[in-house]
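Reader: I am new to this structure and would like to learn how to read it one feature at a time. Could you take each feature in general terms and then turn to the case at hand?

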Amino acid sequence: MNNQRERTKMVPVPSHSIIPERDANFLPILEVSHLGINFNGLKAVDDFNLTVGRTEIAGLIGPNGAGKTTVFNLLTNVYQPTNGSIMLDGYNTAGKTTEQVNRMGIARTFQNIRLFSNMSVLDNVKVGLHNSIKTSLGASLLRLPSYYRNEKIANERALELLSIFKMENAAYDKAGSLPYGAQRRLEIVRALATNPGIILLDEPAAGMNPSETAELMENIRMIRDTFHIAVMLIEHDMNLVMGICEGICVLNYGRVIAKGTPDEIVSNPVVIEAYLGKKD
């Protein structure tokens, strides 16, 4: 894991963030400037700034209640920000719906698994293909040839995605019957089916044992390398974060308190204080 970090050289960008050197000559997939949101006068997120490179594995960490999931909800337009801007692949997401933002190239998973438990694994993935494979209501109702063509394409693509994660043998099982770790993987596969430029993983290792977490780390690297997209994760498992993330942003009380590489973050006294409290 340490070798993985040593191979990634991070370089500064004008937004006072860092991105992998390999992404430096490309438009960042995500640029967040002065983002904030108020709930009844309370600043849940305040002046949040972040840039994510096109193939970066980025981490967003902080103590419980720091505002991390609120940031994810802002990035996916579940919440509309009070101020600031979000540029996704060079386009402003202001005023877009969550579905429109997903079509623009951002996908996510959730702390609590949100699968269609009574549907098959295959059908769960096919739900995510709505961005790329469209069938009109008329064609579906009348079972026109275009409906069957699109169904064949969707089945093949869904099976292809499942095979990347070695889940094709479970394609016709009910999603709710899968072991916990496999359900986590399926949620990621479904998000990838939307063809994102960046995928947000909200505590993907929650509830996993050490072997499942190790497999998750390899899957995250594989996602980046296979799909050539960015991954941003919220996670409390610091071994996972420090082992896989290239750039890390630390949030506390809704504000960024540190940004840097894993080695910089783990030795940052402000971060240590936020997690462990101030020494007397």
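Reader: Let me begin with a single residue: is histidine 34 buried, partly exposed or exposed?

Author: Please keep in mind throughout that this is a predicted model. Exposure is read from relative accessible area, where buried means under 20% and exposed means over 50%. Histidine 34 has 49% relative accessibility and therefore counts as partly exposed. The residue lies in strand β3, which covers residues 30-39, and its phi is near 50 degrees, a positive value in a residue other than glycine.

Reader: What is the phi of histidine 228, and where is that residue placed?

Author: Histidine 228 is not a glycine, although its phi is positive, at about 55 degrees. Its place is in the loop between α8 (210-227) and β10 (230-234). With a relative accessible area of 58%, histidine 228 is exposed.

Reader: Turning to strands, how many bridges join β11 and β12, and in which sense do the two strands pair?

Author: A general idea helps here: in a regular strand the side chains alternate between the two faces of the sheet. In this model, strand β11 (residues 247-252) pairs with strand β12 (residues 255-260) in the antiparallel sense, over 5 bridges. One pair of bridge partners is valine 250 and, in β12, alanine 258. The two strands form a hairpin with 2 residues between them, and tyrosine 253, in the turn, has a positive phi of about 50 degrees.

Reader: How many cavities of 30 Å³ or more are there, and which residues lie nearest the centre of the largest cavity?

Author: The count comes to 1 cavity of 30 Å³ or more, and about 90 Å³ of space lies in the largest cavity. Its lining is made of 14 residues, and those nearest the centre are Ile18, Leu50, Glu56, Gly247 and Ile248. The hairpin strands β11 and β12 return here, since each of them gives two or more residues to this lining, as do β2 (17-20), β4 (42-52) and β5 (57-61). By class, the lining of the largest cavity divides into 7 nonpolar, 5 polar and 2 charged residues.

Reader: What should I look for in the largest pocket, and which element gives the largest share of its lining?

Author: The largest pocket has a volume of about 470 Å³. Of the 20 residues that line the largest pocket, Asn102, Arg108, Phe110, Arg190 and Thr194 lie nearest its centre. The largest share of this lining, 4 residues, comes from α3, while α3 (98-104), β8 and α7 (180-192) each supply at least two residues. The lining of the largest pocket has 8 nonpolar, 7 polar and 5 charged residues.

Reader: Which residues does phenylalanine 116 touch, leaving aside those up to four places away in sequence?

Author: Phenylalanine 116 touches Asn124, Val127, Ala175 and Arg190, and Arg190 is also among the residues nearest the centre of the largest pocket. Phenylalanine 116 is found in the loop between β8 (106-108) and α4 (121-127), and it is partly exposed, with a relative accessible area of 41%. Sequence and space can be set side by side here: phenylalanine 116 and lysine 174 are 58 residues apart in sequence and 8.7 Å apart in space, C-alpha to C-alpha.

Reader: Finally, how many disulfides does a search of the whole structure find?

Author: A disulfide is a covalent bond between the sulfur atoms of two cysteines. The search of the whole structure finds 0 disulfides. Cysteine 245 is in no disulfide, and the nearest cysteine sulfur, that of cysteine 249, is 11 Å away. Cysteine 245 counts as buried, at 1% relative accessibility, and cysteine 249 is buried with a relative accessible area of 1%.

Terms used
Residues are numbered from 1 along each chain as its sequence is written. This is a predicted model: local features need pLDDT of at least 70, side-chain atom pairs count only at pLDDT 80 or more; totals for chains, interfaces and linings use all residues. Side-chain values use heavy atoms; hydrogens and water are left out. Two strands pair if DSSP finds at least two bridges between them. On a 1 Å grid over the protein atoms alone, a cavity is a set of points where a 1.4 Å probe fits but cannot get out, and a pocket is an open set with protein on both sides within 12 Å along at least five of seven lines; lining residues have an atom within 4 Å of a point. Grid points are joined across faces, edges and corners, and a volume is the space filled by probe spheres set on the points. Ala, Val, Leu, Ile, Met, Phe, Trp, Tyr, Cys and Pro count as nonpolar, Asp, Glu, Lys and Arg as charged, and the others, Gly among them, as polar. A disulfide is a pair of cysteine sulfur atoms within 2.5 Å. Buried means under 20% relative accessible area, exposed over 50%, partly exposed in between (1.4 Å probe, protein chains only). Contact means heavy atoms within 4.5 Å.
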